[in-house]
Amino acid sequence: MAILELRNIYKTYNPTKEDKGEILDNINLSIEEGEFVAIVGFSGSGKTTLVNLINGLLKPTEGEVIFKGKPVEDTSHERGVIFQNYSLLPWLTVYQNIDMAIQEAFPKASKQEKDVRVKEHVEMVGLTHALNKYPKELSGGMRQRVSVARALSMNPEMIIMDEPLGALDALTRGNLQDEILKIWEVNKRTALLITNDVDEAMYMADRIIPLKPGPNATLGPEFKINIERPRNKTALNDNEEYKKTRLEIIEYLMDLGEQQAAKSTSSYELPDLQPKDFRWDAN
Ligand SMILES: Nc1ncnc2c1ncn2[C@@H]1O[C@H](COP(=O)(O)OP(=O)(O)OP(=O)(O)O)[C@@H](O)[C@H]1O
């Protein structure tokens, strides 16, 4: 059963102006319960706008976002978002940041239940030693771990990730990818990852859907990643299916980039593409 459906989404931030600045157009997507879907997009193509529409922070100009059969009207702890920029409250400790989220999702839980839940999730991301630290005392990787713990502590049915690991070094990024995958598999959640990293998308997702460059960005054809889980980064480099699909995706994105460059006088950035013969070393 589809847990999330995007139906004919059109989004502009200036509906009344002559130059409407259309961001997204004709976005249609259906995500099944338990799936892990990645959307790979060009910089500035409208990825965050799409996340905010799904999350309920924004409303589509036209079309509908349907979650569990009902139109999304507002944010909800059923959809946990892990943002690009950690978004922790700087005046609260790790414990307090997570406690606040739990308070919102489980207002009737007792103090002790909430305490157990905070500690359980902090432990899940290996930060028990930093429970009483403030965000400024943590590294980027640790802050992002807190964001992951906070999103998951609300027990969301769907985890939505907006380029959550972009700012991290390769080792921390690899470790967090594995942690997120573990949590997704063990808890049988649905996940949507927005990224500009094709390899990250291929390692984590069941299907990859490109978001074409805007204005009027729309979704491209999906690429299925038919590779058994758990996936092993070293083995993936020699997996024929992986190599073939990776090449298809990269060629598709490069073609899109070239078409866009021919149309546009302004410069823009491609997704994080690596040369076709690049080998991804395991961490
Ligand atoms: N509140 C807003 N009002 C007007 N325009 C906006 C607003 N938010 C975003 N935009 C514009 O919408 C377009 C898409 O922005 P968005 O942040 O969704 O893209 P993105 O793919 O997430 O970008 P990046 O890869 O840089 O994070 C950009 O041209 C941006 O300037």
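How many bridges join E9 to strand E10, and do these strands run parallel or antiparallel? Keep that in mind while we walk through this predicted model; we'll get to it at the second stop.

**Stop 1: the ligand**

Select the ligand and show what surrounds it. You should find Tyr 13, Ile 23, Gly 41, Ser 43, Gly 44, Ser 45, Gly 46, Lys 47, Thr 48 and Thr 49. Color them by class and you'll get two nonpolar, seven polar and one charged residues. Now highlight helix H1, residues 47–55: H1 gives the most to this shell, with three residues.

**Stop 2: strands E3, E9 and E10**

Next, select strand E3 (residues 36–41) and strand E9 (residues 207–211). These two run parallel and are joined by five bridges. To see one pairing up close, click Val 40, then look in E9 for its bridge partner, Pro 210.

Stay on E9 and add strand E10, residues 223–224. Here's the answer to the opening question: two bridges join E9 to E10, and the strands run antiparallel. For one partner pair, pick Arg 207 and find Lys 224 in E10.

A handy bit of background: strands of a sheet pair through backbone hydrogen bonds, either parallel or antiparallel.

**Stop 3: the four-stranded sheet**

Now show E2, E1, E4 and E5 together. They form an open sheet in the order E2-E1-E4-E5, with antiparallel pairing. Which strands stand at the edges? They are E2 (22–32) and E5 (70–71); each has a single partner strand, so one side of each is left without a neighbour in the sheet.

Zoom in on strand E1 (residues 2–12) and strand E4 (residues 62–67), which run antiparallel with five bridges between them. One pair to click is Tyr 10 and its partner in E4, Glu 62. Then bring back H1, the helix from the ligand stop: H1 packs on this sheet, touching E1, E2 and E4, and its direction makes about 125° with that of E1.

**Stop 4: two helices side by side**

Last, select helix H4 (residues 140–153) and helix H5 (residues 170–187). Their axes are 11 Å apart, and the packing angle is about 10°. H4 and H5 are therefore roughly parallel to each other.

Turn on side chains to see who meets whom:

- From H4: Gly 141, Gln 144, Arg 145, Val 148 and Leu 152.
- From H5: Thr 172, Leu 176, Glu 179, Ile 180 and Ile 183.

Color this contact by class as well, and you'll see five nonpolar, three polar and two charged residues.

Terms used
Residues are numbered from 1 along each chain as its sequence is written. This is a predicted model: local features need pLDDT of at least 70, side-chain atom pairs count only at pLDDT 80 or more; totals for chains, interfaces and linings use all residues. A residue is near a molecule or strand if its C-beta atom, placed from the backbone, lies within 6 Å of it. Ala, Val, Leu, Ile, Met, Phe, Trp, Tyr, Cys and Pro count as nonpolar, Asp, Glu, Lys and Arg as charged, and the others, Gly among them, as polar. Axes are lines fitted to C-alpha atoms, for helices over the stretch in contact, and angles run from 0 to 180 degrees between N-to-C directions. Angles under 35 degrees count as roughly parallel, over 145 as roughly antiparallel, 65 to 115 as roughly perpendicular and the rest as oblique. Two residues are in contact if their C-beta atoms, placed from the backbone, lie within 7 Å. Two strands pair if DSSP finds at least two bridges between them.
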